[in-house]
Amino acid sequence: MNSSLASATDAMSDEDVAKMAQHCYGYGDWGAPYGFIGPEPGQRRDENGDLGPRLRAWRELGSCELCDCKKFHRAINQLQWHIKGNLQPAWRPLILLLRAFLGEQTDTEALRDYQRNEWGKTNGETCVIELSGLAANNLTVHRNRETFRPQRISVIRERIRENHPSLVVMYGKGQKDSWEKIAERTFPDDNVLVRNRTIFAFTQHAVARGLGNKYWKELGQRLRSVAQRQGTVV
């Protein structure tokens, strides 16, 4: 494997990095009713592009396709999202969307509590995954993102077929082609479609500029209306 895949620590081989790039999808449970798919995991700038701690945490948690979000972040010593209660910038709008979809409270404390205790939880109600298995602090960081993308799209698509989630939200305008391969349909003009009673929605990235709480709340409510029409909303 090309060593440009990542700047992992010396203790981590290219084979280790390749395994994570191929088999690490994110957090939660494939059987969860609500799925969220982004382009790639974010990485704090103070990690300096080093994948070593993440690789070690992934291995310690079993090298599974999905980890528990809280356990993973504890393992890499990032306690601000689950212990200190800071709202993670990319997760906050997605949690807001989900709670609006479910008709639940969307105030800051409700979002914080959900992030701390439910988001990406093993055996929970969310599946929070990425097209790329390797974290980066921005899209300009070279991670050979395309190496395993066809395989990962195929796996994600198959897991959706197997588990029939109620809602799958895919975010990131630059990945529309990948989202349509996963949904197995071309998105209409409103970027919402239903296949086999799963609602697929395609939207801008969760940290895209200019999208405030109103956008995410209204999108959640619009998707709730779609679910109500087909009788799948809780």
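These are my notebook entries on the cores, one helix and some aromatic rings of this structure.

**Entry 1: the model.** I am working from a predicted model, and I kept that in mind for every entry below.

**Entry 2: the largest core.** I began with the inside. Which residues touch the most other members of the largest nonpolar core? I found F36, L97, F101, W119, L167 and L223, out of 47 residues in that core. Helix α4, residues 91–101, gives this core its largest share, with seven residues.

**Entry 3: a look around L167.** I picked L167 and set aside its neighbours within four places in sequence. What is L167 then in contact with? My list reads P33, Y34, G35, L97, F101, I199 and L223. It was nice to meet L97, F101 and L223 again, since I had them among the residues that touch the most other core members.

**Entry 4: another core.** I also noted a second, separate core of 21 residues. Among its members are I129, W179, I182 and L193.

**Entry 5: helix α5.** Next I went to helix α5, which covers residues 108–117. Its buried residues are A110, L111, R112, Y114 and Q115. Where do they pack? I see them against α4 and β4, the latter being residues 126–130. At the N-terminal end of α5, D107 acts as a cap. One of its side-chain oxygens lies 3.2 Å from the backbone nitrogen of E109.

**Entry 6: aromatic pairs.** I turned to the rings and counted seven aromatic pairs. One of the pairs I looked up is Y25 with W30. Their ring centres are 5.7 Å apart and their planes stand at 65 degrees, so I wrote the pair down as edge-to-face; the cut-off for that is over 60 degrees. Are these two residues buried or exposed? Y25 counts as buried because its relative accessibility is 2%. W30 is buried as well, at 17%, since the limit is under 20%.

I then looked at Y215 and W216, with centres 5.0 Å apart. Their planes are at 85 degrees, so this pair is edge-to-face too. Here the burial is split: W216 is buried at 0% relative accessible area, whereas Y215 is partly exposed at 30%.

**Entry 7: charges over rings.** Last, I went back to Y25 and W30. Which residue lies over the face of Y25? I found R152 there, at 4.2 Å from the ring centre. Over the ring of W30 sits the charged end of R159, 5.8 Å from the centre of that ring.

Terms used: Residues are numbered from 1 along each chain as its sequence is written. This is a predicted model: local features need pLDDT of at least 70, side-chain atom pairs count only at pLDDT 80 or more; totals for chains, interfaces and linings use all residues. Side-chain values use heavy atoms; hydrogens and water are left out. A nonpolar core is a set of buried Ala, Val, Leu, Ile, Met, Phe, Trp, Tyr and Cys residues joined through side-chain atoms within 4.5 Å. Buried means under 20% relative accessible area, exposed over 50%, partly exposed in between (1.4 Å probe, protein chains only). Helices (H or I, at least four residues) and strands (E, at least two) are DSSP runs, numbered from the N terminus. Contact means heavy atoms within 4.5 Å. A polar contact is a pair of N or O atoms within 3.5 Å; within protein, one must be able to donate a hydrogen and the other to accept it, and residues adjacent in sequence count only if both atoms are side-chain atoms. Rings of Phe, Tyr and Trp (its six-membered ring) pair if their centres lie within 6.5 Å; planes under 30 degrees apart count as stacked, over 60 as edge-to-face and the rest as tilted. A charge sits over a ring if NZ of Lys or CZ of Arg is within 6 Å of the ring centre and within 35 degrees of the ring normal.
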